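Biologist: I am new to this structure. Please show me how to read its sheets.

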Amino acid sequence: MAVDYYATLGVRRDATGDEIKRAYRKLARELHPDVNPDPEAQQRFRNVTNAYEVLSDPEKRQIVDLGGDPLAPGGGAAGAGSPFGAGFGGLGDIMDAFFGGGASRGPRSRVRRGNDALLRLELDLAETAFGATRDITVDTAVVCATCAGAGAAPGTQPSTCSTCHGRGEVQQVTRSFLGQMVTSRPCPRCSGTGTVIEHPCRDCSGDGRVRKRRTLTVKIPSGVEDGMRIRLSGEGEVGPGGGPPGDLYVEVSERQHAVFTREGDDLHCDLRLPMTSAALGTMATLETLDGSETITVKPGTQPGEVIRLAGRGVPHLRAVGRGHLHIHIVVETPTKLDTEQERLLRELAKLREEETPAVVGGASGGSGLFSRRRSGRRSR
Ligand SMILES: [Zn+2]
Ligand SMILES: [Zn+2]
């Protein structure tokens, strides 16, 4: 009895080549022994692979459509010694055959893209806020001028690898329960390139690139933050064989400011006031990012109060507007009073009827001195 290859793949008898390929691809992913060790799945995988082999070959498919079985003994040409033809190796090979790899086997290029490089750049707050232009020195691989990246000494040429005869890969035949497997791996002698540099360039030892110091100008945009990276396209390491360079990333490291701490684009600082200034009000001069500003402290200012200077923070990165500057009031209570100062304070306390401590309130908090902590106050 002929095997129903269409049913095995789950496709209609008029399925197109594409539909057959898609159906097999889906089943192979589920059933391949590399992903599904279940013995039943392995048997199904063999059947499914047979069905694909038959239906994807127009001649064999025609035999099926005429009621024959091209895989039956004497019915057609299956790969000798293998249950489903030669040439199928591991999952990688099968996937390669369908997912765009595979087809371009052969020697790989000696030329490869270079690595990205990373460099840290320390900047002051004013520079991260308003942007800066800085010259930086980088030490990366560049194309070797002597051999122009080829790696061979001037006047010489790489020769064909004698191990793989220029194919770049060597094949290995192994036996497994699936039958004979042919696997390819990159040639160890030429690292898969198919050629060997017999006379390496003396300046780069055949790598096609040398390290070189150079100076680059980096433009730091306004509003960058600590830890951000600026990409300089194509300024990274040149690849082996003079391949295209990677990118250079400049990571911003913001130096601590003497007065301001930064939270996003907002700035914060403390203003320490003697008790008397907080009570009577005062003026103070603050050096902001935009120059000196006079801060007015109103009479009766409380500890923890925040004076906000709108728009005096850091400009937003690639956007309009700026953060704010927050001045947090810290009131300092005098600690060392001389006799005269103490006398005056006691007099003030007496005038304000604050001289004797109030009777300590009980659980009911009757004195009014204690209360719940006020929420919403910023803690730093
Ligand atoms: Zn060179
Ligand atoms: Zn080789």
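Modeller: We will take two sheets in turn.

Modeller: This is a predicted model, where local features need pLDDT of at least 70, side-chain atom pairs count only at pLDDT 80 or more, and totals for chains, interfaces and linings use all residues. Residues are numbered from 1 along each chain as its sequence is written, chains are lettered from A and ligands numbered from 1 in the order in which they are written, and side-chain values use heavy atoms, without hydrogens and water.

Biologist: How is a strand defined, and when do two strands pair?

Modeller: A strand is a DSSP run of E, at least two residues, numbered from the N terminus. Two strands pair if DSSP finds at least two bridges between them. Here, three strands form an open sheet in the order E1-E9-E8, with mixed pairing.

Biologist: Why is one side of E1 and of E8 left without a neighbour in the sheet?

Modeller: Strand E1 (117–123) and strand E8 (229–232) stand at the edges, so each has a single partner strand. The twist averages 25° from one strand to the next; axes are lines fitted to C-alpha atoms, and angles run from 0 to 180 degrees between N-to-C directions.

Biologist: In which sense do E8 and E9 pair?

Modeller: Antiparallel, over four bridges; E9 spans residues 248–254. Ile230 stands opposite Val250 in E9.

Biologist: What is the strand order in the sheet of four strands?

Modeller: The order is E10-E11-E15-E14, in an open sheet with mixed pairing. Strand E10 (261–263) and strand E14 (306–309) are the edge strands, each pairing on one side only. Neighbouring strands here are turned by 30° against each other on average, direction ignored.

Biologist: Which residue stands opposite Leu309?

Modeller: Leu325 in E15. Strand E15 (residues 325–332) pairs with E14 in the antiparallel sense, over four bridges.
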